[in-house]
Amino acid sequence: MGSILYEHLDDNDQPRPLAELTNPNQDDVVEQEIFKPKDGEQHIINYKQTFLSPPGMADQKPWSDMDKALRQQVDGIMVLKMTFTAGDLALFPRLKVICRMGVGYDLLDREALASRGVVVCNIPDYGTEEIADHAIALALSLRRGIIDHHEKQRHNPPAPWLYIDSPLVRRLRDSTFGILGFGRIGMAAAVRAKAFGFKVLFYDPYVANGVEKSMGVERTRDITDLFARSTTLSVHCPSTRETRMMVGYDLLRLMPKGSTFVNTARGDIVDLDGLERAMREDIISGAGLDVVPLEPIPDDNVHSLIRAYRRKEEWLEGRLVITPHTAFYSPEAYDEIRVKSAECMRRVLIGGVRGLSGNEITPDME
């Protein structure tokens, strides 16, 4: 959902006429309730939905498709999956704030936004449970052979009514669940992994000392140690200059033979060439990916690992599961992101950056 809201009063403190955007599927009850004036407030915030990227649809229209008169009034923008480039910024001469409806902000050209003094916000505290649940679900579906059985029981004839002797299937208790990136979601994944009996090991050089004690997990200061000791590894770090393409064959080859690998963070953190090589060499017995470097996957540029998956090549059967960047989603999480984004936007438009308490992304932040 690409959403636009803007606050504009004329010299008489009266709302100016608004360009109307109509859509029979418009659902803005949540946002309108949050943006309506509170007792004693003089501000009026007018909220509109653009439908440039409708919920549940992969196709997106460019920002330039918006009516020019409307674009010239916009003070604030909320974006979920749309990119926002320097060229897009030029279309909005009044823009003061942009809110990324989610944790990552790699879709936004922060350098261009900073040059114009546009405040950038994100919502780091939504969907935590869903993404952590999804990561654990991917790991368990592989480690318990569920994906493998699912495929083989649909053969003609179906596979024998027996267990599968596979390096994928291992006892969870006392095996090591490694976590790369120990923020909110990484911590939530750790709690869940511990409940299944995993020993949890994490690497994150930016987390305060002592977090491992409060969480009852082990910390390593060496990323190579994380990969060398983890029989299941889950990625939960943001996409930054430091982490892009950080996980390649050089790290994956360190994992114990027969390991499983999960990524629900950002696709560009993992080099798919390296992952494919590690899987072909049976270092990685199974992988679960909710994210890939290019999303949506372009028809004319499908990575060889994904092609093998789609073609159901025998070597990969039951070993790879892909979901289309949906780890964040549940109806409850979607409502939560709408509420938190609207509340954040309201605070900035009416009160400036005061009180953002962790939502503002400053230019110096990765």
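A salt bridge here is a side-chain nitrogen of Lys or Arg within 4 Å of a carboxyl oxygen of Asp or Glu. Keep in mind that this is a predicted model, where local features need pLDDT (the predictor's confidence in each residue, from 0 to 100) of at least 70, side-chain atom pairs count only at pLDDT 80 or more, and totals for chains, interfaces and linings use all residues. Residues are numbered from 1 along each chain as its sequence is written, and side-chain values use heavy atoms, leaving out hydrogens and water.

On to the sheet. Seen edge to edge, its 7 strands run β8-β7-β6-β9-β10-β11-β12, open and with parallel pairing; strands pair if DSSP finds at least two bridges between them. Helices (H or I, at least four residues) and strands (E, at least two) are DSSP runs, numbered from the N terminus. β8 (218–219) and β12 (320–322) each have a single partner strand, so one side of each lacks a neighbour in the sheet.

Edge strand β8 brings us to a salt bridge: Glu218 meets Arg229 at 2.9 Å, N to O. Glu218 sits in β8 and Arg229 in helix α9 (residues 223–229).

Another salt bridge joins Arg338 and Asp27 at 3.0 Å, N to O. Arg338 belongs to helix α13 (residues 331–351) and Asp27 to the loop between β1 (2–7) and α1 (29–35), so the pair ties together parts 311 residues apart in sequence. Arg338 is buried (under 20% relative accessible area, 1.4 Å probe, protein chains only) at 3%, while Asp27 is partly exposed (between that and exposed, which is over 50%) at 38%. Glu31 joins these two in a network of salt bridges.
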